[in-house]
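Trainee: Please take a close look at one part of this model and walk me through it. I would like the strand pairing, and then how the aromatic rings are placed.

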Amino acid sequence: MNAVDLTLFASRIEAVCEEMGARLQCAAFSPNIKDRLDFSCAVFDAGGELCAQAAHIPVHLGSMAYAMRDIVREVEWHRGDMVVLNDPYFGGTHLPDVTLIAPLFLDEQLLAFVVNRAHHADIGADSPGSMPISHCLQEEGLIIPPSKLLRGGAIDEAMFTHIISHLQHEQQARGDFAAQISANQAGLTRLQSLVTALGREAFAQGLLELNDYAERLARTALRDIPDGEYRFEDVMDDDGLGHFDLPIVATVTVSGDNIAVDFSGTVAQTPGNINCPLSVAAAGVYYVFRCLMPAHTPACAGTFRSIRFSAPEGCLLNAKRPAAVAAGNVETSTRVVDVVMGALAQAIPQRIPAASHGSMNNVAMGARGARSWDYYETLGGGMGAGAEGGGLSAVQTHMTNTLNTPIEVLEMHYPLRINRYAIRDNSGGAGQRRGGDGLVREYEFLAPASVTLLTERRRHSAWGVAGGGAGQAGENRYNDKPVAGKVSLQVEAGDRLCISTPGGGGWGKEASRKC
């Protein structure tokens with residue numbers, strides 16, 4: 001292919017993913033998917049190598065890119081099948097993220113897969129919102145190993161009933177699963193049209209050329225990093241079960257256009273739920289280096305060919321079953337980004353920003369009984385500043401880019417009132433470029449509920465770069481009294497919960513002021 005044809009080919013595959021996402025958003029029932037856009041879509045080749053992805057959730061897409069090869073080898077695929085899974089130790093991230101995989105066949109030949117992953121606020125945990133402060137995986141909800149949800153184009157009613165029977169809200173769950181199925185069907189239709197128009201051989205050749213092109217772009221970008229070994233350490237505040245200041249260590253070795261990231265020295269897996277499978281750590285590593293590449297670099301397997309990483313088995317970033325992982329996907333993944341960026345800041349400080357707020361600030365809540373409800377959201381914070389500008393305020397950063405739930409939607413669906421939603425002024429770190437400010441969000445409960453908070457950067461602030469100051473740590477308050485970063489609460493009507501999210505770190509030394 002010439003350059004124009006290759007660009008068109010890449011755009012057409014990416015458009016398949018975008019259309020899948022639009023279908024999923026429009027058809028979903030739950031605010032978590034249709035309003036917060038907590039989902040991702042991608043296309044893979046017959047061997048499970050990433051071909052394209054939409055600009056959805058980085059932690060979803062990076063982990064799928066790492067794990068799909070193993071998944072496709074374990075399943076006997078037929079036309080019309082669709083596999084469902086959420087097992088973190090077999091291709092998933094944490095249990096609420098449910099993945100559906102559909103194969104594309106043309107004349108009985110397996111050519112590709114379309115995949116979507118969406119966060120379900122109810123996945124069967126006893127704790128509303130299905131993000132409990134858990135001790136083991138079984139406490140976090142229904143575990144779904146790779147299983148056929150559709151066979152030959154028809155829903156496997158036994159499998160579907162098994163899943164739905166573990167969930168609290170049957171109508172919403174059926175609607176969300178139907179939306180995921182529909183998204184994959186739309187992807188198959190569009191991808192088949194593309195293959196038919198090009199021909200199978202041209203399609204396969206296009207994928208080879210696309211991956212080679214992406215690899216060339218990636219290696220060119222990585223050669224700009226000076227050779228050397230760079231080490232950085234940061235900590236997780238706690239695991240929610242009384243274990244504090246848990247270190248994560250990254251050693252980044254740069255040799256020409258090859259990168260190796262070693263997480264030796266990272267703390268062993270912990271009794272709490274901040275452990276993660278290796279696929280989640282992979283997502284963090286891939287994300288950081290993808291940010292150093294040109295914006296037009298295709299999101300495909302070739303992009304990551306020159307990047308290797310490892311983590312000792314049984315450590316926090318390569319946990320062994322049945323370690324709890326609910327917060328590993330959302331909180332620990334963000335710290336993986338921090339330590340890799342911290343290491344690279346020693347090599348290329350002009351290109352690496354200060355640490356961002358470092359938490360998805362997870363709030364899960366709901367009630368059981370006659371008026372059962374489940375809700376989950378993440379809150380933005382301050383972005384780290386960089387050499388070219390200050391950090392943005394009150395935004396999601398790095399491993400997630402979900403939207404906030406509009407207050408009108410939240411108050412319409414749930415017994416909640418939002419009393420305050422504002423920028424947390426002056427919470428960003430000082431410097432030549434200031435870190436972004438966090439936000440303040442105060443909930444008032446209109447009925448009794450259970451609430452779980454899974455938050456970070458409450459003990460340790462987001463660090464600055466090149467002499468910039470640290471951001472302000474976050475704070476959680478329940479009825480005006482401080483509560484821990486990871487805590488479960490039983491609230492009553494009239495109670496108030498206020499989340500103040502962390503600010504981002506500053507970049508560069510702040511200029512001294514003369515009188």
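**Strands and rings**

Mentor: In this predicted model, Tyr 478 stands opposite Lys 481 in β18. The strand partnered with β18 here is β17, residues 475-478, and the two pair in the antiparallel sense over three bridges. Both belong to an open sheet of five strands, ordered β14-β15-β20-β17-β18, with antiparallel pairing. β14 (416-424) and β18 (481-483) are the edge strands, each pairing on one side only. On average, neighbouring strands of this sheet are turned by 20° against each other, direction ignored.

A ring also takes part in a contact with a charged side chain: Arg 441 lies over the face of Tyr 421, at 4.4 Å from the ring centre.

As for ring-to-ring contacts, the structure holds nine aromatic pairs. One of them is Phe 160 with Phe 177, an edge-to-face pair at 5.8 Å centre to centre with 80° between the planes. Phe 160 lies in helix α4 (residues 157-164) and Phe 177 in helix α5 (residues 170-198), so this pair ties together parts 17 residues apart in sequence. Phe 160 is buried, at a relative accessible area of 6%, and Phe 177 is buried at 0%.

Tyr 286 and Phe 304 are stacked, because their ring centres are 4.4 Å apart and their planes stand at 20°. Tyr 286 sits in helix α7 (residues 278-291), while Phe 304 is in the loop between α7 and β11 (307-310), so the pair ties together parts 18 residues apart in sequence. Tyr 286 and Phe 304 are both buried. Together with Tyr 66 and Phe 309, Tyr 286 and Phe 304 form one aromatic cluster.

Technical notes: Residues are numbered from 1 along each chain as its sequence is written. This is a predicted model: local features need pLDDT of at least 70, side-chain atom pairs count only at pLDDT 80 or more; totals for chains, interfaces and linings use all residues. Side-chain values use heavy atoms; hydrogens and water are left out. Two strands pair if DSSP finds at least two bridges between them. Helices (H or I, at least four residues) and strands (E, at least two) are DSSP runs, numbered from the N terminus. Axes are lines fitted to C-alpha atoms, for helices over the stretch in contact, and angles run from 0 to 180 degrees between N-to-C directions. Rings of Phe, Tyr and Trp (its six-membered ring) pair if their centres lie within 6.5 Å; planes under 30 degrees apart count as stacked, over 60 as edge-to-face and the rest as tilted. Buried means under 20% relative accessible area, exposed over 50%, partly exposed in between (1.4 Å probe, protein chains only). A charge sits over a ring if NZ of Lys or CZ of Arg is within 6 Å of the ring centre and within 35 degrees of the ring normal.
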